[in-house]
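Biologist: Please give me a close look at a single chain. Show me how it is built and how it meets its partner.

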Amino acid sequence: MSDNPFSLWVYLSQSPLLWLTVTLLTYAIADAVSLWTHRHPLANPVLHSMWIIGAFLLLTKTSYTTYFGGAQFVHFLLGPATVALAVPLYENRKLVAAAILPMLVALAVGSITAIVSVVLLAEAAGLPRAIILSLAPKSVTAGVAMGISESLHADPSLTAVSVVLTGIIGAIIVTPLMNRTGITDFRARGFAVGIAAHGIGTARAFQVDAVAGVFAGIAMSLNALVTSLLVPLAVTLLVR
Amino acid sequence: MIASLSLILLCQLTGEVFVRGLGLPMPGPVVGLMLLLLLLLARDRFVVLARGPLQGDGVEGASRGLLAHLSLLFVPAGVGVVQKLDLLAEHGIAILAILAVSVVITLLVTVATFRVANRFLARGQDGP
């Protein structure tokens, strides 16, 4: 038994155990709430985990570096999860092969739109150059986007935040938006959300429809490839 | 399970070595993805390869487990928002609005392109 509860806190708040537990527990609760609301878009588990953990860190005056000491074990899995996308791709190879041409066209157009729209809008809003560069790769998965941001000498941590915000916005907006357009082709809907909102959009697509999920996963992995080639080019052409 | 996870990590590692070694401007895990896909396709053609994690739903099961909670993996990066509160106080509204508009445009343009390309190519196949 510790005679001073504060010293126990000092010990635990510096250990990876506490922050890994907080991350998993908060997400588990946020995900249970999302399930309980029948996967309502606004009950997005990433969104709610993010502000709950963020508020907890601010209240306890814990630095992000300390938090990341525990959360890095979860963050690391982004890479293996990207490799794992090979499996849904393999299992649906006939479906994919049948739609390969529309996919490649939509990939090229969608990927360029994602980068050019954000760069032009940010320039029109008069944001500083460093922020524009950090926002440019926002539609690809976190690990890849941070790498691009680094190579542009932008701010990788701001890029990571804008990537997650983009994913959450896409996951919330995609179902109501697509229902309004009347498009029922789940290949096209999934592909669009994978291009615009990477893994968080893909996770949302898997909740809505298995085929949409597969196409979102393919779009996300192809987009990671294309965007890492396109962003440096777009930045040279568009950012003054 | 361990063998399957090792195979996934091995694909990623090979991808990283390949990309860094050749100085290619693409992410290592994406090369790892293509490698795992090639392995799965090769296994169907050459029975010799169907062993260890490449048999009986090994690597497939492990991958499905990883992908089942894909959005959890973005939480640590998202919490990074606490480091950016000053910047967000200044430009937060503009950044959120820009991201939202860009996402809507990207979603609509991509879905429309996919549909148009699909109709165009399908018509090409059905034609006389």
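Modeller: Start with the domains, whose bounds come from an automatic or database domain assignment. On that basis chain B splits into domain 1 (1-68) and domain 2 (76-128). Taken over C-alpha atoms, the centres of domain 1 of chain B and domain 2 of chain B are 29 Å apart. Keep in mind that this is a predicted model.

Next, the build of chain B. Chain B has 5 helices and 0 strands. Read from the N terminus, its elements go α-α-α-α-α. The radius of gyration of chain B is 21 Å, whereas a compact globule of 128 residues would be near 14 Å. Along the principal axes, the C-alpha atoms of chain B fill a box of roughly 60 × 55 × 35 Å. Buried residues make up 39% of the 128 in chain B. Now take the contacts in chain B with a separation of 6 or more: 44% of them join residues 24 or more positions apart.

Now the partner. Chain B puts 59 residues into the contact, and chain A puts in 87. On the chain B side, at least two residues come from each of α1 (2-22), α2 (28-45), α3 (58-68), α4 (75-79) and α5 (85-126). The largest share belongs to α5(B), with 24 residues. By class, the side of chain B that touches chain A has 42 nonpolar, 13 polar and 4 charged residues.

Where does this show up in chain A? Try A114(A), which lies in helix α8 (residues 100-124) of chain A. Beyond its neighbours within four places in sequence, A114(A) contacts S102(B) and T106(B) of chain B. Within chain A, A114(A) contacts S139(A), I195(A) and A196(A). A114(A) has 33 other C-beta atoms within 10 Å. The cut-off for buried is 20 or more, so A114(A) counts as buried. V140(A) is 26 residues away from A114(A) along the chain, yet their C-alpha atoms are separated by 9.5 Å.

A second place to look is helix α10 (residues 142-151) of chain A. This helix is mostly covered, with 8 of its 10 residues buried. The buried set is A142(A), G143(A), V144(A), A145(A), M146(A), G147(A), I148(A) and S149(A). From chain B, α2 and α4 pack against these residues. From chain A, the packing partners are α5 (78-84), α9 (129-135), α11 and α13 (210-238). After α10(A) comes H153(A), which has a positive phi near 60°.

One of those partners, α11(A), has another neighbour. The axes of helix α3 (residues 45-59) of chain A and helix α11 (residues 156-181) of chain A come within 9 Å and cross at roughly 135°. That angle is neither over 145 nor within 65 to 115 degrees, so α3(A) is oblique to α11(A). V46(A), L47(A) and M50(A) make the contact from α3(A). V164(A), G167(A) and I168(A) make it from α11(A). By class, this contact has 5 nonpolar residues, 1 polar residue and no charged residues.

Definitions and conventions: Residues are numbered from 1 along each chain as its sequence is written. Chains are lettered from A and ligands numbered from 1 in the order in which they are written. This is a predicted model: local features need pLDDT of at least 70, side-chain atom pairs count only at pLDDT 80 or more; totals for chains, interfaces and linings use all residues. Axes are lines fitted to C-alpha atoms, for helices over the stretch in contact, and angles run from 0 to 180 degrees between N-to-C directions. Helices (H or I, at least four residues) and strands (E, at least two) are DSSP runs, numbered from the N terminus. Angles under 35 degrees count as roughly parallel, over 145 as roughly antiparallel, 65 to 115 as roughly perpendicular and the rest as oblique. Two residues are in contact if their C-beta atoms, placed from the backbone, lie within 7 Å. Ala, Val, Leu, Ile, Met, Phe, Trp, Tyr, Cys and Pro count as nonpolar, Asp, Glu, Lys and Arg as charged, and the others, Gly among them, as polar. The radius of gyration is taken over C-alpha atoms; the globule rule is 2.2 Å times the number of residues to the power 0.38. A residue is buried if 20 or more other C-beta atoms lie within 10 Å of its own, exposed if 12 or fewer, and partly exposed in between; C-beta atoms are placed from the backbone.
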